[in-house]
Amino acid sequence: AVVSTQSGHYGRGALDGFAIYTYQDVGGLSPVVDECGGHFGPVTDDEDAEVIYHYHTRVYVPYTLACQGPALGNCNETQGSTNYCGYGCGAEVCVQPGTSETKLREYLAEWDDEWLDQYTTNDYINGASEVSLVLAYCLALFQLVRLW
């Protein structure tokens, strides 16, 4: 089997300037995204790959982003009568498991060295457990069935 060494294909940029990639992350993994549909993580598996905030498309409505991220747990506040927010990763800031904390902090230091410390994050340093990947898949499947 061929395993991708990069995030899903780059589709286009969102109006907020962040890139939108297809629904696959580095190594063919499912992206762990926030309620808006984005996360922090590399887009290639190069050892020195830059970490960026970017969005991923989804296989369920709204297919692209639900709001402008990072969501910080506030997606619901941006919605009108129809709510397209996803389930998120269970934290205010979602980081793809396996992402280098050093690279993440280097990226965020362009704006604010202490920004990340103000919010909760998912357990990205130790990587995603098998249980969390199955849970993320089940939540996405539930969302798809619910919309059907």
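The paragraphs below follow helix 1 of this predicted model, then the loop that precedes the helix, and finally the salt bridges around it.

Helix 1 spans residues 101–108, and its buried residues are Leu 104, Tyr 107 and Leu 108. These three cover an arc of only 95° around the axis, which puts them on the same side of helix 1. As for what lies over that side, the cover of the buried residues includes strand 3, residues 38–42, and strand 4, residues 51–56. The N-terminal end of the helix is capped by Ser 100, one of whose side-chain oxygens lies 3.3 Å from the backbone nitrogen of Thr 102.

The loop between strand 4 and helix 1 deserves a careful look at its backbone geometry. Pro 62 lies in this loop, and the peptide bond that joins Val 61 to Pro 62 is cis, with omega at about 15°. Pro 70 is likewise found in the loop between strand 4 and helix 1, and here the bond from Gly 69 to Pro 70 is cis, with an omega near -5°.

Positive phi values also occur in this loop, at residues other than glycine. Tyr 63, which lies in the loop between strand 4 and helix 1, has a phi near 70°, and its relative accessibility of 47% means that Tyr 63 counts as partly exposed, since the partly exposed class runs up to the 50% limit. Leu 72, found in the loop between strand 4 and helix 1, has a phi near 55°, again a positive value in a residue other than glycine. Is Leu 72 buried or exposed? At 18% relative accessibility, Leu 72 counts as buried, because the buried class takes in values under 20%.

Returning to helix 1, we can turn to its charged side chains. How many salt bridges does the count come to? The count comes to three, and each can be described in turn.

In one of them, Arg 105 pairs with Glu 101, the closest N and O atoms being 3.1 Å apart. Both residues lie in helix 1 and are four residues apart, which is about one turn of the helix. Arg 105 counts as partly exposed at 29% relative accessibility, and Glu 101 is also partly exposed, with a relative accessible area of 31%.

Another salt bridge links Glu 106 with Lys 103, and its closest N and O atoms are 3.9 Å apart, a value that qualifies because the rule accepts separations within 4 Å. Glu 106 and Lys 103 both lie in helix 1, three residues apart, again about one turn of the helix. Glu 106 is partly exposed with a relative accessible area of 46%, while Lys 103 counts as partly exposed at 24%.

The remaining pair reaches outside the helix: the side chains of Asp 117 and Arg 105 meet in a salt bridge, at 2.8 Å from N to O. Asp 117 lies in the loop between helix 1 and helix 2 (130–147), whereas Arg 105 lies in helix 1, so the pair ties together parts that are twelve residues apart in sequence. With a relative accessibility of 52%, Asp 117 counts as exposed, because that class begins over 50%. Through shared partners, the salt bridges join Glu 101, Arg 105 and Asp 117 into one network.

Technical notes: Residues numbered from 1 in each chain as written. Predicted model: local features only at pLDDT ≥ 70, side-chain atom pairs only at ≥ 80, totals over all residues. Heavy atoms only, no water. Buried < 20%, exposed > 50% of the residue type's maximum accessible area, 1.4 Å probe, protein only. Helix = DSSP H or I, 4+ residues; strand = E, 2+ residues; numbered from the N terminus. Arc of directions from axis to C-beta. Contact = heavy atoms within 4.5 Å. Polar contact = N/O pair within 3.5 Å; in protein donor to acceptor, adjacent residues only side chain to side chain.
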